[in-house]
Amino acid sequence: MSEEAKLSHTLVVSDLSAKQRMWGPRSTKNRESFFHDAAGPYASPSSLRTTSKTDTRSPSRQSNSGQRKPTTWLSFPLEFSFSTTMVGPTASLSNLSRADGSASFKCPTTGYKILGSVNAPVELPGRRDALKPEEATVEVFIKPGNTTAGVGERYAEGIIRTMLQKLILGRERGFPRRGVVITLAIVGGGAIARGDSYLTLLPSLLHTSLLALLSGAVPMSMTYSAALMAVSKSNVIVSNPTLVEAKAASSLHVLAFSSKGHLLLNESQGRFDFDTWKTVQQRAHALCRGVELPEVDGDIAMEAQGDSGTAEGFVRETVEDHLCRDYAWKINTE
Amino acid sequence: MSKEAPLSIAEREFILEALRQDSRLDGRTPDQFRPLKISFGDEYGHVNLELGNTSIIVRISAEVTKPRDERPFDGLFNINLELSAMGSPAWENGRPNDVESYVTHVLDSVIRHSNALDTESLCILKGVSCWSIRADVHVVAYDGNLTDAACIAVMTGLQHFRRPDAVVRDGQVVVYGVEERVPVALNITHKPLSVTFFAFNESKNIIVDATLKEEQASEGELVIGINNGGEMCFMNKFSGATINAREIVTRTSVALEKVKDLNAQIDRAMQADLALRAKRGMAEESRAENDR
Amino acid sequence: MASPLVLLPGDEVPSRHLPSNKSNPLKLGPGLRLLSQPSSTSQNAQSQHVLTATQAGIVTTDAKRNTVSLLSFPNRRYIPTVNDLIIAQIHHSSVDYFHCMVTPHTAHALLGQLSFEGASKKTRPMLRQGDLVYARVLSIGLGAGAEVELTCVNPATGKSEPGGLGPLNGGMVFDVSTGMAARLLRASSSSSEQNESIDGLVVLSELGKKLESLGGFEIAVGRNGKVWIDCSNAGESAVKATIAIGRCLQTVDEKGLGPADQKKFVTRILREMKLVS
């Protein structure tokens with residue numbers, strides 16, 4: 001299996017430029033550095049790095065899914081072409097008529113599409129005891145696309161609610177003793193089967209919630225961005241893994257960073273040591289915020305990334321685009 | 001929060017007065033539907049439907065299960081509707097309300113009980129395994145006429161959906177992956193849809209496809225479930241003012257005309273989507289599979 | 001405003017964007033807050049103040065009034081602010097107050113039974129459930145869960161100022177976005193005989209011109225996203241004219257039509273409704 005993987009891998013690499021070959025994954029360490037500067041799905045599709053990144057990633061994907069038949073290699077060129085045309089996430093804002101704020105978000109690697117709505121501030125009847133008198137109560141509800149909600153949804157709801165409660169300024173005018181009701185519906189992508197990790201869905205849910213809250217003008221102290229990271233069995237860190245990669249991974253991590261750099265959320269699953277987590281954190285931080293971090297191993301030179309390539313930059317661009325369209329009457333006349 | 005905000009007196013009286021003059025707030029005639037927009041997601045059976053400002057997403061899914069003991073030859077088919085605060089702030093998350101049970105009842109009666117989906121064709125091996133088809137209806141924005149919109153969306157989804165092929169070989173059920181065998185369309189026996197009429201001004205004015213405000217101002221309603229062949233599979237008058245029998249007969253023919261028109265629109269959207277899928281070709285198809 | 005400055009929650013307002021008028025205190029609009037940061041870099045004991053955004057929006061400043069505010073998403077929910085004009089719906093009444101709905105699914109606001117022009121125990125208006133009033137937000141209360149109080153009269157003069165406050169009889173209410181309501185308010189409050197567009201809106205002046213022959217129309221705009229229209233002068237075509245105005249406003253809002261398109265749309269709708277030839 002691994003023999004085959006290597007073989008076809010070198011075949012592909014030989015097609016690429018010398019520079020690319022130099023970057024080929026000879027060692028795990030090198031490969032890591034490689035993923036590091038490629039920004040995953042946020043990278044521009046035309047960049048050479050993205051291309052080569054997926055080349056190097058394919059073998060690892062292959063070795064991860066050991067049960068796959070060797071004939072799958074026939075589909076390699078397809079994977080290749082897919083990877084080169086890989087696009088970043090897509091999102092739209094204020095697309096629902098009844099909700100106060102709404103957003104849809106599509107993650108290209110996992111295929112999930114989430115529709116989110118925010119109603120705030122609203123009255124929450126029959127829950128007077130549960131309401132805090134001084135601030136707003138945040139409610140999160142996740143609605144799976146084609147199954148009935150279960151423990152997975154409740155678990156994710158808890159994580160999101162806890163995180164958002166810290167960011168929403170529930171004491172602002174009009175909000176105390178009212179509810180901020182966030183509803184997230186999974187409208188695209190596969191269902192999460194029993195036993196599968198819910199972490200793969202979490203970053204998409206978090207980004208949808210944020211965009212919906214922004215479009216509903218709910219006061220917040222800061223924004224955030226999140227990333228899904230996987231560590232494969234061969235200890236390779238994969239940023240924004242696909243569902244296949246996530247399933248085969250030895251550990252999965254979801255990290256969220258505030259726009260001021262705090263680590264807001266750290267959900268991990270599987271076996272890993274602290275050093276691995278530290279590296280994962282660095283990678284996730286770069287992916288979310290594109291900020292240079294201290295070097296990890298000493299031999300990795302970080303590349304500063306453009307704002308547009310990061311998850312945070314994506315949120316900002318989406319909001320800017322929408323606001324400029326909404327206020328075109330003002331911008332164009334003045 | 002469990003109820004929509006009530007109409008003001010001014011709104012109610014204006015809507016009634018306008019209808020007396022055969023005018024509606026959005027300029028439609030009494031027998032006119034709002035513009036219907038149907039689009040499809042990446043997966044088969046994923047329908048995005050917009051009827052004016054009412055917006056619904058339907059997802060159809062299939063899995064292999066054991067048939068019920070008393071019906072070993074039948075597959076399972078369920079329509080699942082759960083209203084969330086996304087559709088209207090009046091709906092509470094996780095708490096069933098009247099609208100939900102009402103719409104579910106109509107959908108069940110019009111689509112499920114009329115056997116629009118032939119459940120016998122879902123049987124794989126008698127008493128051992130069958131397909132369970134599930135339609136999930138997500139109401140993402142509610143501006144009236146939920147029942148008709150949901151009916152259209154579910155029927156479109158059922159016609160668009162393709163389930164994996166399954167055969168019985170040596171007493172074993174083999175389910176083929178979508179990449180191995182072309183997935184199979186469901187067996188639709190007929191295409192019933194519901195048309196809901198709302199009555200105003202002592203039933204002198206009767207309209208179709210009411211908006212939320214019109215629904216709130218109405219005095220009574222009449223639901224007719226009918227297919228292209230004019231076969232009525234459901235009729236109900238749940239509440240409200242009386243509508244005389246002659247009126248009901250004429251409304252039935254209006255409903256038939258509407259259903260034919262709506263089904264034609266569904267067909268057009270389906271054909272356009274299937275053509276698009278064919279054009280994208282096999283390469284794209286398998287790409288989507290890898291993606292998933 | 002060639003390239004608008006868009007802020008997200010937590011972003012600081014760059015000081016070069018603040019109005020430089022030093023004579024008046026700077027006023028902050030919604031979506032902004034003042035944070036004091038203990039400065040770590042400078043040796044000053046004085047803490048630094050920074051203006052940060054709490055919502056996503058475009059920064060706008062008014063040098064004359066020395067204000068800085070954030071233009072947030074126009075479809076957001078209305079939150080009562082003192083002095084805003086709103087259209088409220090009576091929900092029920094108690095001994096001293098009418099309990100009014102300002103936005104659906106939020107707590108009721110209070111409107112004093114005597115908060116009307118010339119109202120006394122005997123002459124106060126008898127409002128029923130579902131009646132509409134054009135009112136002003138008097139206070140939003142302090143502290144958590146405080147009640148919003150409305151008034152239809154200026155407490156200082158005892159008059160309904162600005163004119164038109166009080167019960168709205170007849171007519172029809174249309175829902176628009178809160179952003180659109182704010183624009184309409186500015187457009188309808190500024191001197192009406194202008195031909196120029198205010199806030200990119202010509203729809204009102206255009207409708208006014210075209211419907212003048214029918215007797216014109218009365219309009220009241222509430223910041224809570226409601227527009228009340230009455231065309232009772234138009235006689236037989238009152239209903240059609242009202243519908244036409246409502247459709248024009250809602251379409252301009254939903255589709256974000258520019259001034260030229262607004263004019264075209266008004267002409268089209270009026271022709272469709274057979275109000276003008």
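Q: In chain B of this predicted model, what share of the contacts between residues at least 6 apart in sequence join residues at least 24 apart?
A: The share is 71%. A contact here asks for two C-beta atoms within 7 Å, and 71% of the chain B contacts that pass the filter of at least 6 places bridge at least 24 places in sequence. For chain A, the corresponding share is 67%.

Q: How do you know that the radius of gyration of chain B agrees with that of a compact globule?
A: By setting the two values side by side. With 292 residues, a compact globule would come near 19 Å, and chain B has 21 Å, which agrees. The C-alpha trace of chain B spans about 70 × 40 × 40 Å along its principal axes. Chain B contains five helices and 14 strands, and 44% of its 292 residues count as buried. Chain A has eleven helices and nine strands, with 53% of its 334 residues counted as buried.

Q: Why is α3(B) called largely enclosed by the rest of the structure?
A: A residue is buried if 20 or more other C-beta atoms lie within 10 Å of its own. In α3(B), 15 of the 15 residues are buried, so the helix is largely enclosed by the rest of the structure.

Q: How do you know that the span of helix α3 (residues 146-160) of chain B agrees with its 15 residues?
A: The expected span is 1.5 Å times one less than the number of residues. For the 15 residues of helix α3 of chain B that gives 21 Å, and the end C-alpha atoms are 21 Å apart, so the two agree.

Q: Where does UniProt place the feature "domain: Exoribonuclease phosphorolytic" in chain B?
A: The UniProt record, an unreviewed entry, puts this feature at residues 32-164 and 192-242 of chain B. Residues 32-164 are 23% helix and 35% strand, with end C-alpha atoms 39 Å apart. Residues 192-242 are 12% helix and 47% strand, and their end C-alpha atoms lie 25 Å apart.

Q: Why does B:Asn115 count as partly exposed?
A: Buried needs 20 or more neighbours and exposed needs 12 or fewer, with partly exposed in between. B:Asn115 has 15 other C-beta atoms within 10 Å, so it is partly exposed. B:Asn115 sits in the loop between α2 (98-112) and β5 (123-125) of chain B, and has a positive phi of about 60° although it is not a glycine.

Q: What makes B:Ser203 partly exposed?
A: B:Ser203 has 18 C-beta neighbours inside 10 Å, and a count between 12 and 20 falls in the partly exposed class. Its place is the loop between β11 (193-200) and β12 (205-208) of chain B. B:Ser203 is not a glycine, yet its phi is positive, about 60°.

Q: Which residues does C:Gly10 touch, not counting those up to four places away in sequence?
A: C:Gly10 touches A:Ser221, A:Met222, A:Thr223, A:Ser259, A:Lys260, C:Thr52 and C:Ala53. The C-alpha atoms of C:Gly10 and C:Thr52 are separated by 5.7 Å, although these residues are 42 residues apart along the chain. C:Gly10 lies in the loop between β1 (6-7) and β2 (27-28) of chain C and counts as partly exposed, with 18 C-beta neighbours inside 10 Å.

Q: What makes up the side of chain A that touches chain C?
A: By class there are 18 nonpolar, nine polar and twelve charged residues. The contact takes 39 residues from chain A and 30 residues from chain C. On the chain A side, α10(A) gives the most, with six residues. Another contributor of two or more residues is β3 (113-122) of chain A. Strand β3 of chain A also holds A:Pro121, and the peptide bond from A:Ala120 to A:Pro121 is cis, with omega near -10°.

Q: Which element gives the largest share of the side of chain C that touches chain B?
A: That is α3(C), with five residues. In this contact, 20 residues of chain C meet 17 residues of chain B. The chain C side divides into nine nonpolar, six polar and five charged residues.

Q: What domains does the domain assignment of chain C give?
A: The assignment gives domain 1 (6-72), domain 2 (85-168) and domain 3 (172-272). The C-alpha centres of domain 2 and domain 3 of chain C lie 25 Å apart. Their contact takes nine residues from domain 2 and eight residues from domain 3. The domain 2 side has seven nonpolar, two polar and no charged residues.

Definitions and conventions. Residues are numbered from 1 along each chain as its sequence is written. Chains are lettered from A and ligands numbered from 1 in the order in which they are written. This is a predicted model: local features need pLDDT of at least 70, side-chain atom pairs count only at pLDDT 80 or more; totals for chains, interfaces and linings use all residues. Domain bounds come from an automatic or database domain assignment. Ala, Val, Leu, Ile, Met, Phe, Trp, Tyr, Cys and Pro count as nonpolar, Asp, Glu, Lys and Arg as charged, and the others, Gly among them, as polar. Helices (H or I, at least four residues) and strands (E, at least two) are DSSP runs, numbered from the N terminus. The radius of gyration is taken over C-alpha atoms; the globule rule is 2.2 Å times the number of residues to the power 0.38. UniProt positions are given in the numbering used here, feature names are shortened, and annotations may be inferred rather than shown by experiment.
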